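Colleague: I have a chain open on my screen and would like to go through it with you. Could you take my questions as they come?

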Amino acid sequence: MTAPNSRFPPPLRAYLVSPLLVVLTTWLLLLVQSLVARAEVGIVRPFGIGFLLDVAVIAMVGGRGPGFFTLALSSLSLILVLTPLGTGIPFGHLRDWAELFFMLAIGGFLVRGLEELRTNTQLLVESEEARSRLRAVMDTAPVGVLLSNKAGKPVYANQEAERIWGQPLEAVRQEDWTRHHLLDLDGTP
């Protein structure tokens, strides 16, 4: 029996949740507009920046595709719902287009940045897993394994290498390692 959350892959779930988040945010922004209008402050401009939280959440959960999908839905909501033609302020003023442009630009950078962050995090996890598998193989190898950095300083030795070397790697002082004359396969230091 599978868990209910594993029925849909994360991108599909993000595509399904995206319209709900945009509708909720639109409703909240309409509520704010009506409250400000009742306070007789005047007509409230749409707050396109309010959608960026939705875009960020969906981009983190589902990736680039769902993030841009949410950005597109947010833009449509900004144009069609938050600036209705009946208010006397039709969408088309320079400030409306500027707000839309900035929302799209910031949202695009946000989606791309979060996608890169997701990718780098995934690569880091995979790298750590590969590193731990390699270390497990080297630790159980029946031969001595000694790894060094580019300068030739040993950075890792398995138990067999320490037995052959006659001392643990941690016991080697900062300068002591140079006296062992470690050579590469071609004979270079």
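Colleague: Which helix is I79 in?
Modeller: I79 has its place in helix α3, and please keep in mind throughout that this is a predicted model.

Colleague: Is I79 buried, exposed or partly exposed?
Modeller: The relative accessibility of I79 is 27%, so this residue counts as partly exposed, given that the partly exposed class lies between 20% and 50%.

Colleague: And how far is I79 from D96?
Modeller: In sequence I79 and D96 are 17 residues apart, while in space their C-alpha atoms are 8.5 Å apart.

Colleague: How do α3 and α4 pack, then?
Modeller: Helix α3, which covers residues 64-80, packs with helix α4, residues 94-140, at an angle of about 165 degrees, and their axes are 9 Å apart. Angles over 145 degrees count as roughly antiparallel, and α3 and α4 are therefore roughly antiparallel to each other.

Colleague: What about the handedness of that crossing?
Modeller: The crossing in which α3 passes α4 is right-handed.

Colleague: Which residues meet there?
Modeller: On the α3 side they include G67, F68, L71, L78 and I79, and the residues they meet in α4 include L100, M103, L104, G107 and V111. Charged residues take part too, among them R64 in α3 and E99, R112 and E115 in α4.

Colleague: Switching to L52, where does that one lie, and is it buried or exposed?
Modeller: L52 lies in helix α2, which spans residues 52-62, and L52 is buried, with a relative accessible area of 9%.

Colleague: What does L52 touch?
Modeller: Leaving aside residues up to four places away in sequence, L52 touches M103, I106, G107 and L110. M103 and G107 are also among the α4 residues that α3 meets. As for G67 in α3, L52 is 15 residues from G67 in sequence and 9.9 Å from it in space, C-alpha to C-alpha.

Colleague: New topic: how do the strands pair?
Modeller: Strand β1, residues 146-148, pairs with strand β2, residues 154-157, in the antiparallel sense over three bridges, and L147 stands opposite Y156 in β2. The two strands form a hairpin with five residues between them, and in the turn G152 has a positive phi of about 95 degrees.

Colleague: And the chain as a whole, what is its pattern?
Modeller: There are five helices and two strands, which follow the pattern α-α-α-α-β-β-α along the sequence. Of the 189 residues, 29% count as buried, and the accessible surface comes to about 12800 Å², with 67% of it belonging to carbon and sulfur atoms.

Note on methods: Residues numbered from 1 in each chain as written. Predicted model: local features only at pLDDT ≥ 70, side-chain atom pairs only at ≥ 80, totals over all residues. Heavy atoms only, no water. Pairing = 2+ DSSP bridges. Helix = DSSP H or I, 4+ residues; strand = E, 2+ residues; numbered from the N terminus. Buried < 20%, exposed > 50% of the residue type's maximum accessible area, 1.4 Å probe, protein only. Areas by Shrake-Rupley, 256 points an atom, 1.4 Å probe, with all protein chains shown as cover. Axes fitted to C-alpha atoms, helices over the stretch in contact; angles between N-to-C directions. Parallel < 35°, antiparallel > 145°, perpendicular 65-115°, else oblique. Left-handed = near helix turned anticlockwise from the far one by under 90°. Contact = heavy atoms within 4.5 Å.
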